[in-house]
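Colleague: Can you take me through this model? I would like short answers with the reasoning shown.

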Amino acid sequence: HIYFSIKDATSTMSCVMFKGNAQYLKFRLEVGMKITISGSITAYVPRGNYQLLCNKIEPSGQGSLAVAFEQLKNRLQSQGYFDTQHKKQLPKYPKHIVLVTSPTGAAIEDMKKVALHRWPLTKFTLIPTLVQGEGSKFDIASSIKKADELGADIIVVGRGGGSIEDLWAFNEEEVATAIYESNTPIISAVGHETDTLISDFVAD
């Protein structure tokens, strides 16, 4: 549960967002943040005061995903996740590449096509991975850890294009940490050329 207070120039009100709704909150509430709340007024009987029961919270003037992206980016940057000193050298002629992606998406066909044209001697191993939707961030992180145990030259983590919601798993801390902790060099190949994901910043 999240307990906090909202205030304006003249008044303060207690708020609560229970775990059932809080789990869908994409960004972190921070002191001084302007927010828009949907909810209802309830009475907290033990203290005899009113509080706002929050069903949904959005940053005022910005989408929650945009705020969540910047919050995580700033936090990981301060922890050194993007530092060039941690970037691993990519081999010029990889003999074994592990692909962490969906076995049914267009991305896997594109990867195979390009690879066969450029360097057909490379061995490929596919780790079928859920790249979108509920639980995908955990599946991607788990697949990266499995890939790291195979002794390959490079791991490619990726998927085809889509909306920011479709690509969101690659903006999750679990995936960023798995990439950062991998001993095998990782390439992030997510979305279209114009898409920028947290995985891109962490990858080698």
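The questions below go from the whole chain to single residues.

Colleague: How many helices and strands does the chain have?
Modeller: This is a predicted model. Along the sequence, the pattern runs β-β-α-β-β-α-β-α-β-α-β-α-β-α. That comes to six helices and eight strands.

Colleague: What is the radius of gyration of the chain?
Modeller: The C-alpha atoms fill a box of roughly 75 × 35 × 30 Å along the principal axes. For a compact globule of 204 residues, a value near 17 Å would be expected. The chain has 21 Å.

Colleague: What share of the residues counts as buried?
Modeller: The accessible surface of the chain is about 12,300 Å², and 52% of that belongs to carbon and sulfur atoms. The cut-off for buried is under 20% relative accessible area. Of the 204 residues, the buried share is 37%.

Colleague: How far apart are the centres of the positive and negative side chains?
Modeller: The chain carries 21 positive and 22 negative side chains. The centres of the two sets are separated by 2 Å.

Colleague: Which residues touch the most other members of the largest nonpolar core?
Modeller: In soluble globular proteins, nonpolar side chains tend to be buried together. Here the largest nonpolar core holds 42 residues. Touching the most other members are Ile144 and Val157.

Colleague: Which helix gives the most to this core?
Modeller: The helix in question spans residues 64-78 and gives six residues. It is α2.

Colleague: What does Ile144 contact beyond its neighbours within four places in sequence?
Modeller: Contact here means heavy atoms within 4.5 Å. Val157, which shares top place with Ile144 in the core, is one of the partners. The full set is Val100, Ile155, Val157, Val175, Ala178, Ile179, Ser182 and Ile186.

Colleague: Which elements do the buried residues of α5 pack against?
Modeller: Helix α5 covers residues 173-181. Its buried residues include Val175, Ala176, Thr177, Ala178 and Ile179. They pack against α2, α4, β8 and α6.

Colleague: Is Gln71 buried or exposed?
Modeller: Gln71 sits in helix α2. Leaving out residues up to four places away in sequence, Gln71 touches Phe27, Arg28, Glu30 and Met33. Its relative accessibility is 12%, so Gln71 counts as buried.

Colleague: How far is Gln71 from Leu53 in space?
Modeller: The two are 18 residues apart in sequence. From C-alpha to C-alpha, the separation is 25 Å.

Colleague: Is Glu172 buried or exposed?
Modeller: Glu172 is in the loop between β7 and α5. Not counting residues up to four places away in sequence, Glu172 touches Lys26, Leu72 and Lys137. Because its relative accessibility is 16%, Glu172 counts as buried.

Colleague: Is His192 buried or exposed?
Modeller: His192 lies in the loop between β8 and α6. The cut-off for exposed is over 50%. At 51% relative accessibility, His192 counts as exposed.

Colleague: Which residues does His192 touch, not counting those up to four places away in sequence?
Modeller: Pro128 is 64 residues from His192 along the chain, and their C-alpha atoms are 21 Å apart. The residues that His192 touches are Gly161 and Gly162.

Terms used:
Residues numbered from 1 in each chain as written. Predicted model: local features only at pLDDT ≥ 70, side-chain atom pairs only at ≥ 80, totals over all residues. Heavy atoms only, no water. Helix = DSSP H or I, 4+ residues; strand = E, 2+ residues; numbered from the N terminus. Rg over C-alpha atoms; globule rule 2.2 N^0.38 Å. Buried < 20%, exposed > 50% of the residue type's maximum accessible area, 1.4 Å probe, protein only. Areas by Shrake-Rupley, 256 points an atom, 1.4 Å probe, with all protein chains shown as cover. Lys, Arg positive; Asp, Glu negative; His and termini not counted. Charge placed at Lys NZ, Arg CZ, Asp CG, Glu CD. Core = buried A, V, L, I, M, F, W, Y, C linked by side-chain atoms within 4.5 Å.
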